[in-house]
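Biologist: I'm new to reading protein models. Could you walk me through this one, feature by feature?

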Amino acid sequence: MRSPLLAGALAVLILGAAAAATAADDHGTATYAEALAQAQQQNKLLVIDFYADW
Amino acid sequence: MFAREVDSSDIIKGALADVIFLPVDCEKGEGPAIAAKFSVRGYPTFYAVNGQGEPVERWIGYEGAEGWARSVAAARADTRTLVAKKTAFETAPTAALALSLANDAATGYDFPVSVKYFKQARELDPARADEYTGNIFMYMYYGADDGAFTFDEIRAEADRMLAAADAEAGDRVDIASMIVQVARKQDRVADAIPYLTKGLEAGATLPEDSPAARTVRSLKVDHALLVEKDAPKAVALRKAMLPENWEQDPKRLNQFAWWCLQNDVNLEEAEVLVMRAVELSEADGDRANYLDTAAEICLKRGNCEEAIARIRKAIELAPDREYFKEQLAKFEAALTQKKG
């Protein structure tokens, strides 16, 4: 099968594939500090998606 | 692609159910500062951090919902920090730790270290060897830009991928394209021709709307240049890859001129086209970049004086760009050498 690794990762690193903004409402966070506090309180990991909207 | 799927993929929703999720636009609000704090170098980059903000897992790129969910699951399965995982690997190596450390290094663009860990993961977990080989090949390809890997090392991994029973036509096209690019940079073009030929054979079996179709068209350009030695044909094929009305688009004009420069073909027209880009462009920074392309083309055509004039204009337009000053020094040195 066509390797999703090559297809996906190449798009990211070569083309600089951009992700559009995603609402975080469902996850109840707006800033890094707030999200980190939430993770600490709930003893969960904080997963951060760093993207650029271009 | 991740953003499109985050609200629609049940797999991603499932992975997010037990974590706190924070999307960070790296160009807005607090994004640049947070991205700098985490040394983000490409997009998308993902971090899983504990409640103290310490990285537990990090990876770059989005390879689909399943792979993404696996990364989140790996972070949840072993919540030690990456620092602790590195220490643990020294005494008790496992494939899972090797994979975490390989992704960590790749996210930091440390491709030699990433490849080292992926190779260890491959040894420790032979059942997933093909997957790791894909990673090894890809990161060797990126590392080749800095001279971290030789053509022969990269070719060996390509051969492993091509030998895999499930390597399909799209994979063969991608591998051919990457091998050709490495070969050109390392002056091993003759060794890449068999891959180019096989990549085109594989591409001929793909439909026109295949995701690999553009890469196939690019391979045809390479074939015209490197095998047929037919520059006019290569130029025509390269132009055919450009979108409609590209001759009115400064960015596309510059892109095409730069391709001509890199391949040392069609330079006379390339110079005309890139100067049109300069005229059409409204932003000084863009015009400066296009003048740099024009200057490089002048240099290639042996006109050092014109190259110097154009790069001086670029410096006027973008006085803060040190690169253009370095370019001026390079062109002046070329002129001195020419006269000397």
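Modeller: Sure! Helices (H or I, at least four residues) and strands (E, at least two) are DSSP runs, numbered from the N terminus. In chain A, that gives two helices and one strand. Along the sequence they come in the pattern α-α-β.

Biologist: Anything I should know before I start counting residues?

Modeller: Residues are numbered from 1 along each chain as its sequence is written, and chains are lettered from A and ligands numbered from 1 in the order in which they are written. This is a predicted model, where local features need pLDDT of at least 70, side-chain atom pairs count only at pLDDT 80 or more, and totals for chains, interfaces and linings use all residues, while side-chain values use heavy atoms, with hydrogens and water left out.

Biologist: Okay, and how do I read pLDDT? What does chain A average?

Modeller: pLDDT is the predictor's confidence in each residue, from 0 to 100. Chain A averages 64, and 44% of its residues score at least 70. Among the elements of chain A, helix α1 (residues 4–15) has the lowest mean, 44, and strand β1 the highest, 96. Residues 1–5 of chain A are below 50, and that stretch has 20 contacts (heavy atoms within 4.5 Å) beyond near neighbours in sequence. Residues 7–29 of chain A also stay under 50, with 57 contacts in the model beyond four places in sequence.

Biologist: What do I do with stretches like those?

Modeller: Where pLDDT is low, the predicted coordinates should not be read in detail.

Biologist: Then let's take strand β1 of chain A. How many of its residues are buried?

Modeller: Buried means under 20% relative accessible area, exposed over 50%, and partly exposed in between (1.4 Å probe, protein chains only). Over the whole of chain A, 50% of the 54 residues count as buried. In strand β1 of chain A (residues 46–51), six of the six are buried, so the strand is largely enclosed by the rest of the structure. A:L46, A:I48 and A:F50 point one way, while A:V47, A:D49 and A:Y51 point the other.

Biologist: Which strands does β1 of chain A pair with?

Modeller: Two strands pair if DSSP finds at least two bridges between them. With strand β1 of chain B (residues 20–25), β1 of chain A pairs in the parallel sense over six bridges; there, A:L46 has B:I20 as its bridge partner. With strand β2 of chain B (residues 45–49), β1 of chain A runs antiparallel, joined by five bridges. In that pairing A:V47 stands opposite B:A48, and A:I48 has B:Y47 as its partner.

Biologist: What about β2 of chain B itself: what else does it pair with?

Modeller: Strand β3 of chain B (residues 55–60) pairs with β2 of chain B in the antiparallel sense, again by bridges, five of them. B:T45 stands opposite B:I60 there. The hairpin has five residues between the strands, and B:G53 takes a positive phi near 80 degrees in it. Five of the five residues of β2 of chain B are buried, so this strand too is largely enclosed by the rest of the structure.

Biologist: Now helices. How can I check the length of one, say α16 of chain B?

Modeller: The expected span of a helix is 1.5 Å times one less than its number of residues. Helix α16 of chain B (residues 284–300) has 17 residues and should span 24 Å; its end C-alpha atoms are 24 Å apart, which agrees. Its buried residues, among them B:Y290, B:L291 and B:C298, pack against α14, α15, α17 and α18 of chain B. After the helix comes B:G302, with a positive phi near 90 degrees.

Biologist: B:C298 is a cysteine. How many disulfides does the structure hold?

Modeller: A disulfide is a covalent bond between the sulfur atoms of two cysteines. The cut-off here is a pair of cysteine sulfur atoms within 2.5 Å. Over all chains, the structure holds zero. For B:C260, the nearest cysteine sulfur is that of B:C298, 14 Å away. The sulfur of B:C304 is 9.5 Å from its closest cysteine sulfur, in B:C298, too far for a bond.

Biologist: Are those two, B:C260 and B:C304, buried or exposed?

Modeller: Buried: B:C260 has 0% relative accessibility, and B:C304 has 4%.
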